[in-house]
Amino acid sequence: MATILVVAEVQDGSWRPANNDVLTAAQKLAGDTGHTVNALLIGNGLDGFAEEAARYGAEKVIMVSDEKLNKFSPDVYAAAVAGAVRESAAAVVLMGATFTGKDVMSRVSQILDCGLAQDALSYRMDGDRILFTRPMYAGKLLAEVSVSSSPVLATFRPKSFKPEEKPVAVATESLSLDLPAPLSVVESIDASGGDKLDVTEADIIVSGGRGLRGPENWGILEELADVLNAATGCSRPVSDEGWRPHEEHLGQTGKTVSPELYIACGISGAIQHLAGISSSKFILAINKDEEAPIFKAADYGIVGDLFEVLPALTEEIKKLKSS
Amino acid sequence: MNIAVCIKQTPDTTTRVKVGDSGKNIAEDGVNWIINPYDEFAIEEALQLAEKHGGEVTIVSLGPASIEKTIREALAMGAHKAIRINAETSTHDPLVVSKALVSVLKDGGYDLIFMGRQAIDDDQGQMPSLVAQAMNLPCVTVVVELNIEGGKGTARRELESGYENVSFSLPAVVGANRHLNEPRYRSLKGIMQAKKKKIEVVEATLDAPQMVVESVSLPPAKQAGKIFTNGAADASEVVRLLREEAKVI
């Protein structure tokens with residue numbers, strides 16, 4: 001029976017939440033195509049992760065372990081994925097559109113000479129064909145794309161599917177492959193700021209612009225983020241000025257995000273910024289200029305002094321959470 | 001050091017995107033074409049390395065004659081020469097484009113091949129990895145810091161929540177991210193010199209695409225939001241709406 005193979009990502013010893021989103025997409029696609037969902041786990045120290053994949057509906061988990069996979073290398077990982085795809089005769093191969101997923105699946109596309117729908121937000125069936133919707137121009141345009149090769153390769157943007165558990169019995173299969181020596185290796189990972197939330201996987205993002213007037217004023221924004229358990233982001237001028245680390249920069253030349261709630265504080269809403277946040281489910285804008293373009297993109301807005309509005313929001317949310 | 005930089009001509013980031021007559025791409029009337037912004041970081045890094053280690057920077061770009069204006073922009077920054085792969089760029093399939101780029105790059109003897117981490121039109125972010133895989137080269141994408149010394153490189157690669165420090169040997173492919181450097185302005189002298197620099201034209205036939213854009217559309221227009229104008233006094237009402245209407249907190 002044809003399978004949908006989900007390449008699950010374990011980064012720095014942790015199961016990435018995006019895996020659950022992609023496994024959920026795979027479950028739905030399995031319902032539409034009659035295929036079964038398998039997962040692929042690559043690397044070492046994978047104990048316990050097969051259970052995670054089975055919790056989200058992977059009926060079989062293929063495990064590829066090899067000492068060449070001790071340190072992450074996109075070339076060896078891609079070779080492992082391509083090898084597993086050939087062995088498993090998958091009809092569809094999916095991975096999260098994380099930086100790593102996009103890199104690995106691009107290489108897989110070249111190895112297998114197959115088309116890749118990158119960074120898809122959703123899909124629909126057109127007869128037997130899968131049409132993927134993916135953003136272009138940082139979301140200013142949506143494209144429906146088809147992939148004619150077999151297998152079909154696609155990456156889904158984190159948060160594009162809400163994870164739904166579908167526990168099945170854990171079944172694993174070890175696969176040994178003849179892998180090439182790595183061409184590059186990850187020597188170390190510097191996680192930013194301890195347990196800080198990943199902005200691309202956060203449900204809520206509180207983001208600041210030039211309206212905050214300087215890096216010393218970020219406390220009120222961080223307090224709001226804290227009570228909401230939100231990640232923090234920023235506009236391009238803020239990152240260019242060095243007020244905030246550039247990994248927080250959201251927009252057309254920064255990260256594109258799709259949270260449930262995006263709170264824009266003192267961000268005017270340049271077209272490049274709006275492009276990067278347009279797939280947010282809800283947008284709350286706070287700005288003193290009622291003509292700011294951000295209000296046109298917002299579901300909710302407060303025109304006012306953010307130095308007063310942000311602490312007031314923090315207090316109201318604290319009250320709500322304690323009631 | 002022999003360096004290639006692959007660039008793509010894209011619409012300016014301020015472009016108000018409209019759907020074109022084909023329904024499969026944007027309307028190009030009134031579009032201001034620029035070097036893909038990420039590619040400018042790639043060009044700058046290549047120029048700095050050539051200035052430090054000696055050597056030449058070659059711009060490689062695929063498209064019809066009309067992209068030569070954009071190629072000249074890259075030459076005006078200081079790149080030494082350029083190769084234009086003559087092909088229509090109507091395809092969105094990066095796998096197809098990668099094969100055409102590799103057909104030129106493979107014979108160039110390049111120590112480093114730079115490009116932007118992604119083009120801001122199609123936003124696929126595949127090209128560095130595709131080219132590297134076809135040439136069996138190491139590749140680091142989304143690079144914010146790069147050190148090249150003695151035939152080896154180390155790169156700092158941006159992740160969603162931190163950075164990876166990656167080591168590799170040359171030749172290699174690097175996908176440049178914003179913040180890798182500060183791209184230089186084109187000087188008047190540079191612009192004048194660029195007019196005399198050679199753009200070699202190479203013919204290419206593209207394979208049939210396996211990833212096809214069937215249609216494009218503008219995202220659904222957003223309904224007018226609920227905007228409150230009393231500042232902090234509106235906080236409790238907005239929090240209530242976020243909880244009870246949007247159900248996001």
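Trainee: How many cavities of 30 Å³ or more does a search of the whole structure find?
Mentor: Five. A cavity is a set of points on a 1 Å grid, over the protein atoms alone, where a 1.4 Å probe fits but cannot get out. This is a predicted model: local features need pLDDT of at least 70, side-chain atom pairs need 80 or more, and totals for chains, interfaces and linings use all residues. Residues count from 1 along each chain as written, chains are lettered from A and ligands numbered from 1 in written order, and side-chain values use heavy atoms, without hydrogens or water.

Trainee: How much space lies in the largest one?
Mentor: About 280 Å³, as filled by probe spheres set on the points, joined across faces, edges and corners. It has 22 lining residues (an atom within 4 Å of a point). Closest to the centre are Lys102(A), Asp119(A), Arg157(A), Lys255(A) and Thr256(A).

Trainee: Where does the largest cavity lie?
Mentor: Between domain 1 (3–174) and domain 2 (204–322) of chain A, because both give residues to its lining. Those bounds come from an automatic or database assignment.

Trainee: And the second largest?
Mentor: About 90 Å³. Its lining includes Phe99(A), Lys102(A) and Asp103(A), along with Arg117(B) and Thr141(B). Helix α4(A) gives the most, three residues (helices are DSSP H or I runs of at least four residues, numbered from the N terminus).

Trainee: New topic. Which residues of α5(A) are buried?
Mentor: Ile220, Leu221, Leu224, Ala225, Val227 and Leu228 of chain A; buried means under 20% relative accessible area with a 1.4 Å probe, protein chains only. They fall within an arc of 165° seen down the axis, so they line one face of the helix. The arc uses directions from the axis to the C-beta atoms.

Trainee: What comes just after α5(A)?
Mentor: Asn229(A), with a positive phi of about 55°.

Conventions:
Buried means under 20% relative accessible area, exposed over 50%, partly exposed in between (1.4 Å probe, protein chains only). Helices (H or I, at least four residues) and strands (E, at least two) are DSSP runs, numbered from the N terminus. On a 1 Å grid over the protein atoms alone, a cavity is a set of points where a 1.4 Å probe fits but cannot get out, and a pocket is an open set with protein on both sides within 12 Å along at least five of seven lines; lining residues have an atom within 4 Å of a point.
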